[in-house]
Amino acid sequence: MRSSVELAPTGSRATIRLRPVPRYEPPFDDEATPQVWTSPRQLTLEWPADGPPASPPPVIEPPAVAGASGDAKLAVRRFVRLCVEVLNGFRPAAHLRRLALPSQAADVVAQGLAGARRAAELRRGRQPAIRRPPVGVLKVVLCEPRSGAVEAAVTLITGDRTWAMAFRLELHQQSWSATALLII
């Protein structure tokens with residue numbers, strides 16, 4: 001039972017036809033085919049036997065995925081873990097040198113050392129009855145402004161005090177190196 005209704009002006013290549021479609025309800029969405037989701041009396045576009053129009057349909061590019069790459073996220077996680085260990089006194093600040101770019105290593109180590117001293121002062125200033133927890137990570141926000149560079153902002157907490165740490169890592173000779181570190 002097909003009914004054909006000509007809706008295009010004369011001389012046009014495309015015709016629009018009304019055609020009933022069998023009803024079928026798939027149990028899952030991924031089992032659906034394009035014919036399943038058409039309804040009875042739906043307008044469908046059919047091209048004549050000589051083929052589709054001359055120009056092909058435009059190709060739509062998928063949007064770029066926002067966020068940082070997996071390799072950058074892993075490098076940030078590794079650097080944050082090392083910085084927290086330095087701030088808690090489990091590692092010396094000099095261990096930051098191996099994860100820093102050689103030209104920026106002194107500045108990165110100096111920032112880590114200053115943060116470790118501040119955290120040690122907080123631990124020394126506590127009363128014996130109160131146990132102050134070590135420095136912990138609340139939140140990490142990162143972005144990859146270009147391929148091979150990642151910037152991160154980290155919210156740190158120790159007891160009732162909140163700190164901030166910001167740094168930049170760049171990919172040099174297949175390894176991520178810190179080029180800037182700021183602990184506030």
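Here are some questions and answers about this predicted model.

User: In what order do the four strands of the open sheet come?
Analyst: Let's start with the sheet, which is open and has four strands paired in the antiparallel sense. Neighbouring strands are turned by 20° against each other on average, direction ignored. Reading across, the order is β3-β4-β5-β6.

User: Which strands stand at the edges, and why is one side of each left without a neighbour in the sheet?
Analyst: Look for strands that have a single partner strand each. With one partner, a strand has one side left without a neighbour in the sheet, so it stands at an edge. That picks out β3 (136-146) and β6 (175-183).

User: How many bridges join β3 to β4?
Analyst: These two run antiparallel, and one place to see the pairing is Val 137, which stands opposite Leu 156 in β4. Their hairpin has two residues between the strands, and Gly 148 takes a positive phi near 95° there. The bridges joining β3 to β4 number eight.

User: And over how many bridges do β4 and β5 pair?
Analyst: The hairpin of β4 and β5 has two residues between the strands, with Gly 159 at a positive phi near 60°. Ile 157 has Thr 162 in β5 as its bridge partner. The two strands pair in the antiparallel sense, and the number of bridges is ten.

User: What is the bridge partner of Arg 168 in β6?
Analyst: Strand β5 covers residues 161-172 and pairs with β6 in the antiparallel sense over eight bridges. Arg 168 has its bridge partner in β6, and that partner is Ala 180.

User: Helix α1 packs on the sheet, but what angle does its direction make with that of β5?
Analyst: Helix α1 (residues 70-87) touches β3, β4, β5 and β6. Its buried residues, including Ala 72, Val 76 and Leu 82, pack against those strands and against α2 too. The direction of α1 makes an angle with that of β5 of about 135°.

User: What about α2: at what angle does that helix run to β6?
Analyst: Helix α2 takes in residues 105-124. This helix lies across β4, β5 and β6. Against β6, α2 runs at about 50°.

User: Why does the aromatic pair of Phe 79 and Phe 167 count as tilted?
Analyst: The structure holds one aromatic pair, and its ring centres are 4.7 Å apart. Planes under 30 degrees apart would be stacked and those over 60 edge-to-face, with the rest called tilted. The planes here are at 50°, so the pair is tilted.

User: How many residues apart are the two rings' residues along the chain?
Analyst: Phe 79 is in helix α1 and Phe 167 is in strand β5, so to speak two distant parts of the chain linked by the pair. Phe 79 is buried, with a relative accessible area of 2%, and Phe 167 is buried as well, at 4%. Along the chain they are 88 residues apart.

User: Is Asn 88 buried or exposed?
Analyst: Asn 88 has its place in the loop between α1 and α2. Not counting residues up to four places away in sequence, Asn 88 touches Arg 123, Pro 134 and Val 135. Buried means under 20% relative accessible area; the value for Asn 88 is 11%, so this residue is buried.

User: Which residue lies over the face of Trp 163?
Analyst: Here we want a residue placed over a ring. The distance from the ring centre is 5.6 Å, and the residue is Arg 118.

Methods: Residues are numbered from 1 along each chain as its sequence is written. This is a predicted model: local features need pLDDT of at least 70, side-chain atom pairs count only at pLDDT 80 or more; totals for chains, interfaces and linings use all residues. Side-chain values use heavy atoms; hydrogens and water are left out. Two strands pair if DSSP finds at least two bridges between them. Axes are lines fitted to C-alpha atoms, for helices over the stretch in contact, and angles run from 0 to 180 degrees between N-to-C directions. Contact means heavy atoms within 4.5 Å. Rings of Phe, Tyr and Trp (its six-membered ring) pair if their centres lie within 6.5 Å; planes under 30 degrees apart count as stacked, over 60 as edge-to-face and the rest as tilted. Buried means under 20% relative accessible area, exposed over 50%, partly exposed in between (1.4 Å probe, protein chains only). A charge sits over a ring if NZ of Lys or CZ of Arg is within 6 Å of the ring centre and within 35 degrees of the ring normal.
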